[in-house]
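Me: I would like to go through the labels attached to this model and ask, for each of them, what justifies the wording. Please set each value against its cut-off before drawing a conclusion.

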Amino acid sequence: MRIGDAKQTYEADEAIWTTQTQKLWFGLFLLLLLVFPFMADSYLLYLGCLVGIAVISTTGLNILTGFTGLISLGQAGFMGVGAYTVAWLSVNTALPFPVTLLLAGLMAAAVGILVGLPSLRVKGLYLAIATLAASVFLHFIFAEWESVTGGMGGMSLEPAHLFGWSFQSDFMMYFIIVPLAVLMVLAAANVFRTRIGRAFIAIRDRDISAEILGIDLLRYKLMSFALSSFYAGVAGGLFAYFFRVVTPESFPLSMSIFYLAAVIVGGMGNLLGGILGAVFMTLVPEALKLLTSALTPFYPNAPVFMSPMLEIIFGALIVGFLIFEPHGLAEIWHRIRRFFHLWPFRN
Amino acid sequence: MDWMFFGEISLAGLAMGGLYSLIALGFVIIYKATRVINFAIGEIMMFAAYLFLAFAGGMEMSAWIALPLAVAGGSILGGVIEKTMIRPMLGESPISVVMVTIGIASILVGLVEFIWTADPQLLPSFLPREPVFIGELYLAPKIAYGFLIGAALLIVYLLYFRFSRGGVALRATASDQAAAYSMGINVRRVFSMAWVFGSLAASLAGVLVAATGGLSPQFGIIGLSVLVVVIVGGLDSILGALIAGVFIGWLETVAGAYFGGEYRMPATFLVLAVILVIRPYGLFGTHEIERV
């Protein structure tokens, strides 16, 4: 049972960690993340890396859609920009991975600003469709600008490297992806304690009121676009290093929808929700794969039904969460936590 | 430049655009009445086309019985979607409702793959096969007759909305929901009706398009072209849907014929981007004024 904590200063109210217990749990969680690669087999390591990439990208989209209220169907396109930047740099230069990832993020942010420009004039669904148009154009550029992107065949790249180390295995990649994911989520949490983050939230709640409060709409909307696509670009760069091959088909529209679904299933406008959503949505297909392989001895054609089942479950999750649990997994998480806070005294 | 070739391509494009107009009409009906952007319209079309395949191909019915049955199936599907999944979202933010339709689209794709596998299929041909000549220009018969059937339904719809009681109720609801409600119009029934009629138009177009181009679970991608049509024409404008449908169909076909298939989408989305920048509410849409 936790006893109420009265906050006496504004700083205390804004703090990310409000109690010692939270710090302790977070420390334990970090420890777990650190030990995980030494305990896990190669499949779990692969999953861990995938989840890390998804967490970064979902957090980025959450900044834009969940906190600023600008719906985007272009996340996969921005990831593609990051991935192609990393691929091009790895083939044509010898830059180490921190530099290439940073450049990937900045490149994606620049494209994000360009895509965000119509956001002052159009909003809501029209904006979603503008970002959809952007992702169509980006796909076209990836496929047709052959001298840079290698056309439909795509590009394969060298492993990430730093100080003569080469990050070839999933084990090594884990130590790039996961710390970066933790860092970027913490950075996002800090953004929302500053004027910029609060401006984003004000725009989401009512853009006209926000403008009257003195928030420069275009500037902050573009900032949100830039920040969000920076995250997408870094995630895309990690994606490129992880799979070491990038093609135009690596970043389809369904991927943008996947990230939007992760934000919704997790809980819009809640960083923890974005993380939970990313983990959940990445693991659902894997759980289904496990189930299928378990069923195959009894129903030999179970694998045939896996991909349609996945589509149905994916859609049903989106619809189900929106209708029955609009605040997403984060809300379920809070409910469980509340239960334990009050545990012996409330039944 | 070969004017003959250009003429034939344009003609095929315009006929295809006629079908786009029909789908866009279905989209606009749903939007006007319920303010829902239906991302699942392509998948509803696909579902109806697969029903047609099952009736005409699998059960070997005559195509002229299978067609109405498939279209009825698609309309019922629209009604069921509205009742079970869209109605509970009433009053939620438009973003959430759009995401629900995206979820529905994914469910429908999964269902279709589940029942009919993911392999591409060919619909049994049921339209006359004699080549059609307009002047000296050749037009593929499937496209020509598809256009005629589509245009017939379009005209029926336009007359229905103009003159019938149900059509007036729908237009009244579209222009002011509260007023319509207080004048005794059953707004809930109008919502259901809009989804049924919208899906009906989409279903018929779905069968006709699939009859010319084949059918696969990726068929729903046509919904993106329709999205371009309705944004260019204006989301709540029937006239806009008709004109933009023909224009976008023509543009897509011409771009595809002259530059190759990969230019079809970028060409139409370029028009979309230009329209979004200069006239966000579309060519004929209502300019919404926002008040705090």
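Me: How many residues does each chain bring to the contact between chain A and chain B?

Reply: In this predicted model, chain B brings 34 residues and chain A brings 34 residues to the contact. On the side of chain B that touches chain A, helix 4 (94-116), helix 9 (222-233) and helix 11 (264-278) of chain B each supply at least two residues, and helix 4 gives the most, with 17 residues.

Me: What makes up the side of chain B that touches chain A, by class of residue?

Reply: That side of chain B has 27 nonpolar, four polar and three charged residues.

Me: Why is A:R244 called partly exposed?

Reply: A residue counts as buried with 20 or more other C-beta atoms within 10 Å, and as exposed with 12 or fewer; A:R244 has 17 C-beta neighbours inside 10 Å, and therefore counts as partly exposed. A:R244 sits in the loop between helix 11 (217-243) and strand 4 (245-246) of chain A, and its phi is near 60 degrees, a positive value in a residue other than glycine.

Me: Why does B:T117 count as partly exposed?

Reply: Because B:T117 has 13 other C-beta atoms within 10 Å, and the exposed class requires 12 or fewer while the buried class requires 20 or more, B:T117 is partly exposed. B:T117 belongs to the loop between helix 4 and strand 1 (132-134) of chain B, and the phi of B:T117, near 60 degrees, is a positive value in a residue other than glycine.

Me: How do you know that the buried residues of helix 6 of chain B line one face of the helix?

Reply: The buried residues of helix 6 (residues 165-175) of chain B are B:A169, B:L170, B:T173 and B:A174. Seen down the axis of helix 6 of chain B, these buried residues fall within an arc of 135 degrees, so they line one face. The face turned away from the buried side carries the exposed residues B:R165 and B:S175, whereas the buried residues pack against helix 1 (3-34), helix 5 (141-163), helix 7 (177-182) and helix 8 of chain B.

Me: Which residues touch the most other members of the largest nonpolar core?

Reply: Of the 210 residues in that core, B:I23, B:A49 and B:F52 touch the most other members, and helix 8 (residues 187-213) of chain B gives the most to the core, with 17 residues. Leaving aside its neighbours within four places in sequence, B:F52 is in contact with B:A66, B:L67, B:A70, B:L123 and B:V207.

Conventions: Residues are numbered from 1 along each chain as its sequence is written. Chains are lettered from A and ligands numbered from 1 in the order in which they are written. This is a predicted model: local features need pLDDT of at least 70, side-chain atom pairs count only at pLDDT 80 or more; totals for chains, interfaces and linings use all residues. Two residues are in contact if their C-beta atoms, placed from the backbone, lie within 7 Å. Helices (H or I, at least four residues) and strands (E, at least two) are DSSP runs, numbered from the N terminus. Ala, Val, Leu, Ile, Met, Phe, Trp, Tyr, Cys and Pro count as nonpolar, Asp, Glu, Lys and Arg as charged, and the others, Gly among them, as polar. A nonpolar core is a set of buried Ala, Val, Leu, Ile, Met, Phe, Trp, Tyr and Cys residues joined through C-beta atoms within 7 Å. The arc is that of the directions from the helix axis to the C-beta atoms.
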